[in-house]
Every structure is written in C-alpha cells, then in structure tokens.
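Visitor: I've got a protein open on my screen and would like to talk it through. Can we go over it together?
Guide: Sure, let's pull it up.

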Amino acid sequence: MKKSIFTLAGLLLLALPSCLKDKEVDYTDWRESNEAYIEEIKALTLPDNSPEYVMVSPVWGPGYKSYIKWHTPRNPEALTPMDNSTVDVVYCLQTIDGAVIDSSYKNTIYGDSIFRTKPVACVPGFHVALTSMAEGDSITAVVPFNSGYGITGSASVKPYSTLIFNLKLKKIVSWEVP
C-alpha cells in the first residue's frame, strides 16, 4: 500500500510541471502585432514627406524611445519639464487593439481629469514624452514595449504591449532644478 501511494505521488509530481506549462500564455502573436504596429507608425509621413511620428530618445537612456505625433504647434523656446518636475497632465492610455487601459478622466483631486506626477515616476516612454512637451502641448505618444511595461506587463497590460498615450500637458506645477 505504501509503495502504491509513493508511486502515485511520484507520478503526480512528474505531471505537475506539464500541467503548469499548459497554463502559460504564448504572447508570440501579440508581440509580433505590437512590433508591426511600431513599424507602421514609423513609416507614416506628412504631405511634405516628414515623419508623422518623431522618434525621441533621451540621453540618459538611448534604448528608450517614444514616437510622438504633435497635435499643437511647437514653441522651441517654451519651458519643458525636467525629470523631477511636477506636472499636471490629462491622458488616456490604450493598447494597439483599442483597449483603454487607464485614463485621467475620472480624476478630480487636482482639477477636472488632472493626473499630477513627476516624469521620473512614470514608465520610461511616458517620461520621455512628458519631458519633450511644453505647457499646452497635446500629443499622441506611441511607446514600444521595452520603453513601457516590457516583457512582463503589469496587472492590466499584457507583456510586449505597445502603449498609446494621448496626452495634454496642462501645467508645470513645479520646475525642479537637478
């Protein structure tokens, strides 16, 4: 009897890893779709043949990127936030399949739809976008997965997800000196 219990326990232990492996999700197709989306937006051009989305990569992290489409005219002399500035933004975050992951539209603490943050406290691609903007700027920032939540994702974002932020920088609340 003891021998059969140990044999049964041994068989169950051998079967357990294969059961766990069956529960793993394969994100290969999702990753390929997200990488293809980035290639598509990189190829988009305006009527003058300039890129519709400008790739911005910071000096502090050349591997991080954000592809930015400006919806408002840019003022090259305007003040932009630093890494540790406090900013008020309005945003909506989506994935390439149109799923809304998060937004500031229900926030009321700092004003209607305002999210108050420091760029350094955000995922790298959002950080890059915020520090490229001036007060009043409105953009769409497309953030590749390696500048977002990476290969692990987060509670509401699948691994390998390209993030699409529609943002407006309402105010630089506090411009900090390094």
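Visitor: How many helices and strands does the protein have?
Guide: There are three helices and seven strands in this predicted model.

Visitor: And what pattern do they follow along the sequence?
Guide: Reading along the sequence, you get α-α-β-β-β-β-β-α-β-β.

Visitor: What share of the residues counts as buried?
Guide: 37% of the 178 residues are buried. The accessible surface is about 10800 Å², and carbon and sulfur atoms account for 58% of that.

Visitor: What about contacts between residues at least 6 apart in sequence, how many of those join residues at least 24 apart?
Guide: That comes to 69% of them.

Visitor: OK, helices. How far does α2 reach from its first C-alpha to its last?
Guide: Helix α2 covers residues 28–43, 16 residues in total, and reaches 23 Å. That is close to the 22 Å expected at 1.5 Å a residue.

Visitor: Which residues of α2 are buried?
Guide: Trp30, Asn34, Ile38 and Ile41. They sit on the same side of α2, because the arc they cover around the axis is only 80°.

Visitor: Why would residues spaced like that point the same way?
Guide: An α-helix has 3.6 residues a turn, so residues three or four places apart point the same way.

Visitor: What do the buried residues of α2 pack against?
Guide: Two strands, β2 (66–70) and β6 (138–143). On the face turned away from the buried side, α2 carries the exposed residues Asp29, Glu40 and Ala43.

Visitor: Trp30 caught my eye. Which charged end sits over its ring?
Guide: That's Lys158, with its charged end 3.8 Å from the centre of the Trp30 ring. You can also find the charged end of Arg74 over the ring of Trp70, 3.7 Å from the ring centre.

Visitor: Switching to aromatics: how many aromatic pairs does a search of the whole structure find?
Guide: Five. One to look at is Tyr91 with Phe126: the ring centres are 6.0 Å apart and the planes are at 70°, so this pair is edge-to-face.

Visitor: Where do Tyr91 and Phe126 lie?
Guide: Tyr91 is in strand β3 (residues 86–94) and Phe126 is in helix α3 (residues 124–130), so the pair ties together parts that are 35 residues apart in sequence. Both Tyr91 and Phe126 are buried.

Visitor: What kind of pair do Phe126 and Phe165 form?
Guide: A tilted one, 4.6 Å centre to centre with 50° between the planes. Here Phe126 in helix α3 is linked to Phe165 in strand β7 (residues 163–174), 39 residues along the chain. Phe126 and Phe165 are both buried.

Visitor: Which residues form the aromatic cluster, then?
Guide: Tyr91, Phe115, Phe126 and Phe165 form one cluster.

Visitor: Back to β3. Is Val87 buried or exposed?
Guide: Val87, which is found in strand β3, is buried, at 0% relative accessibility.

Visitor: What does Val87 touch, leaving out residues up to four places away in sequence?
Guide: Its contacts include Pro81, Phe115, Leu130, Leu169 and Val173. Val87 and Val173 are 86 residues apart in sequence, yet their C-alphas are 5.3 Å apart in space.

Visitor: And Leu79, where is that one?
Guide: Leu79 is in the loop between β2 and β3. With a relative accessible area of 48%, Leu79 is partly exposed. Beyond its neighbours within four places in sequence, Leu79 is in contact with Met133, Ala134, Glu135, Ile172 and Trp175.

Visitor: Last topic, backbone angles. What is phi of Asn49?
Guide: It's near 70°, a positive value in a residue other than glycine. Most residues other than glycine have a negative phi. Asn49 is in the loop between α2 and β1 (54–56), and is exposed, with a relative accessible area of 63%.

Visitor: What about phi of Tyr160?
Guide: Also near 70°, so to speak on the positive side, in a residue other than glycine. Tyr160 is in the loop between β6 and β7. Tyr160 is buried, with a relative accessible area of 18%.

Note on methods: Residues are numbered from 1 along each chain as its sequence is written. This is a predicted model: local features need pLDDT of at least 70, side-chain atom pairs count only at pLDDT 80 or more; totals for chains, interfaces and linings use all residues. Side-chain values use heavy atoms; hydrogens and water are left out. Helices (H or I, at least four residues) and strands (E, at least two) are DSSP runs, numbered from the N terminus. The expected span of a helix is 1.5 Å times one less than its number of residues. Buried means under 20% relative accessible area, exposed over 50%, partly exposed in between (1.4 Å probe, protein chains only). The arc is that of the directions from the helix axis to the C-beta atoms. Contact means heavy atoms within 4.5 Å. Rings of Phe, Tyr and Trp (its six-membered ring) pair if their centres lie within 6.5 Å; planes under 30 degrees apart count as stacked, over 60 as edge-to-face and the rest as tilted. A charge sits over a ring if NZ of Lys or CZ of Arg is within 6 Å of the ring centre and within 35 degrees of the ring normal. Accessible areas come from the Shrake-Rupley method with a 1.4 Å probe; for residues, only the protein chains shown count as cover.
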